[in-house]
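The following exercises concern the reading of local environment from coordinates. Each task is followed by a worked solution.

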Amino acid sequence: MSPPTPRSSRNLDWPLLLLYLVLVGLGWVAVYAASYSPEAPAHPFSALSFSELMAFNWFKQLIWMGTAVLLIVVLLVVDYKAYDALAYPLYGGMIVLLLITLVVARPIAGSRSWLEFGPVRLQPAEFAKFTTALAASRFMAGINLRNQNWRDQAVLAGLTLLPVLLILASNETGQALVFGALLLAYFREGMSPIILLLLAAGGIILLLALLVPKLWLVGGFTVVLGVAFLLNSRLWRHHLPLSLGAWALVIGMVFGVDFFFNKVLQPHQRQRIEMLIDPGKDPLGKGWNVTQSKIALGSGGWLGKGFLQGTQTKFDFVPEQSTDFIFCTVGEEWGWTGCLVIIGLYLTLLWRILLVAERQKSVFGRTYGYCAASILFVHFTVNLGMTMGLMPVVGIPLPFFSYGGSSLWSFTILVFTLLALDAHRKQDLVR
């Protein structure tokens with residue numbers, strides 16, 4: 001390790017650092033409000049012992065924030081070249097840790113994804129996103145995706161899918177889905193857009209198959225394909241086999257969605273999709289979280305009810321409000337104005353990360369920056385979608401806001417690794 005020089009300290013992207021500090025600080029305020037109890041002492045630090053304080057999420061989050069500061073120092077002190085050199089070893093170590101987690105972790109809420117060290121619990125899946133982004137960036141620094149080399153693309157797919165399969169095996173669907181965000185970074189480095197289009201089209205077809213009568217869906221697709229051929233006769237000669245294959249694939253997806261839904265998905269996964277399609281189906285059972293979250297969001301009005309004045313929050317109507325549904329605390333106590341401010345801060349953060357990524361002198365640094373931005377974007381989008389009832393509840397935390405040491409540490413590592421690389425970008429060689 002070599003300590004940061006004055007020049008590298010000056011080269012730190014201070015706007016990005018400030019955005020991180022603001023979001024973490026506001027996140028702690030939201031966690032305090034979400035875990036606040038009206039019966040708690042007015043001055044808890046003087047009235048309660050350390051063990052009693054540890055019963056409060058806001059106090060434990062303070063400890064995680066303090067350890068995150070130490071982590072930041074380490075990330076900035078480590079020689080920036082180590083991130084490139086250790087990319088594969090860190091990835092391999094995380095794969096081993098995910099395997100160990102599958103074996104030794106006890107089930108918590110139906111998932112074997114937490115390692116317990118006394119009172120401390122860590123979720124390796126959170127950190128696997130960072131190590132996968134690092135390894136994928138290291139691999140892409142040595143290839144050119146624009147060449148459409150299928151061997152290179154297969155290796156990249158393997159690097160990405162291996163942790164996904166292990167996380168799925170631990171029954172953590174939400175965390176596994178986040179890895180799809182890396183496709184956005186791969187696309188930036190030259191991956192064919194056809195892959196993104198095919199995945200998007202497949203998702204849309206599956207969703208429509210749940211909402212639209214199957215014969216209508218197949219008939220509509222057949223008509224669209226037929227009209228395309230009638231308008232351009234060259235399609236008959238050049239693309240008929242491919243089009244017929246696509247038509248057969250769509251039919252298989254449409255009529256196979258029932259089998260996938262009923263036989264492949266687990267009961268809690270089916271319930272999440274059912275609640276998304278019809279939230280009123282079981283408002284007092286499986287739809288309780290989303291229903292109460294939307295009530296909390298809407299009840300804040302334009303300016304909110306005020307700090308610690310939210311009734312939905314204060315009386316624990318929303319389960320998991322310190323973690324997955326932390327944003328509804330913002331909506332109830334800070335109102336729509338507060339929500340817009342927080343959304344604006346996140347969008348500014350993402351824009352800044354992309355700006356930092358684009359100015360990197362190495363493919364490794366640029367790709368890693370896009371991976372970090374993509375992961376944060378998906379977490380931000382899906383968490384807000386969950387809170388508003390626009391997406392299934394898949395247990396994805398809101399970066400820097402949701403309570404939890406694993407998520408805070410993993411997002412801190414994502415951001416400050418990029419800051420460390422950026423501070424020394426002028427020393428990089430173009431690869």
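The model examined here is predicted.

**Exercise 1. Val 103**

Determine in which helix Val 103 lies, whether Val 103 is buried or exposed, and which surface patch includes Val 103.

Step 1. Val 103 belongs to helix H7, which spans residues 87-104.

Step 2. The relative accessible area of Val 103 is 67%. Exposed residues are those over 50%, so Val 103 is classed as exposed.

Step 3. Val 103 joins Val 96, Ile 100 and Val 104 in a nonpolar patch on the surface. Together these residues have about 370 Å² of accessible area. As background, nonpolar side chains in soluble globular proteins tend to be buried together.

**Exercise 2. Phe 400**

Establish where Phe 400 is found, what its phi is near, and which residues are in contact with Phe 400 beyond its neighbours within four places in sequence.

Step 1. Phe 400 is located in the loop that connects helix H20 (363-387) with helix H21 (405-423).

Step 2. Phi of Phe 400 is near 70°, a positive value although the residue is not glycine. Most residues other than glycine have a negative phi.

Step 3. With a relative accessibility of 3%, Phe 400 counts as buried, because the cut-off for that class is under 20%.

Step 4. Once neighbours within four places in sequence are set aside, the contacts of Phe 400 include Tyr 20, Leu 23, Val 24 and Gly 27. Also among them are Tyr 346, Leu 349, Leu 376, Phe 411 and Val 415.

Step 5. The largest nonpolar core has 106 residues, and Phe 400 is one of the three that touch the most other members, together with Tyr 368 and Phe 401.

**Exercise 3. Leu 308**

Identify the loop that holds Leu 308 and state whether Leu 308 is buried or exposed.

Step 1. Leu 308 lies between helix H17 (288-299) and helix H18 (311-314).

Step 2. Its relative accessible area is 15%, so Leu 308 is buried.

Step 3. Phi of Leu 308 is near 70°, again a positive value in a residue other than glycine.

**Exercise 4. Ser 322 and Ala 423**

Describe the surroundings of Ser 322, and state how far Ala 423 is from Asn 11 in sequence and in space.

Step 1. Ser 322 sits in the loop between H18 and helix H19 (326-358), and at 8% relative accessibility it counts as buried.

Step 2. Beyond neighbours within four places in sequence, Ser 322 is in contact with residues including Val 31, Asn 57, Phe 401 and Tyr 403.

Step 3. Ala 423 is in helix H21 and is buried, with 6% relative accessibility.

Step 4. Ala 423 and Asn 11 are separated by 412 residues in sequence, yet their C-alpha atoms are 4.8 Å apart.

Notes: Residues are numbered from 1 along each chain as its sequence is written. This is a predicted model: local features need pLDDT of at least 70, side-chain atom pairs count only at pLDDT 80 or more; totals for chains, interfaces and linings use all residues. Side-chain values use heavy atoms; hydrogens and water are left out. Patches are made of residues with over 30% relative accessible area and no salt bridge: like charges are joined within 9 Å, nonpolar side chains (Val, Leu, Ile, Met, Phe, Trp, Tyr) within 5 Å. Accessible areas come from the Shrake-Rupley method with a 1.4 Å probe; for residues, only the protein chains shown count as cover. A salt bridge is a side-chain nitrogen of Lys or Arg within 4 Å of a carboxyl oxygen of Asp or Glu. Helices (H or I, at least four residues) and strands (E, at least two) are DSSP runs, numbered from the N terminus. Buried means under 20% relative accessible area, exposed over 50%, partly exposed in between (1.4 Å probe, protein chains only). A nonpolar core is a set of buried Ala, Val, Leu, Ile, Met, Phe, Trp, Tyr and Cys residues joined through side-chain atoms within 4.5 Å. Contact means heavy atoms within 4.5 Å.
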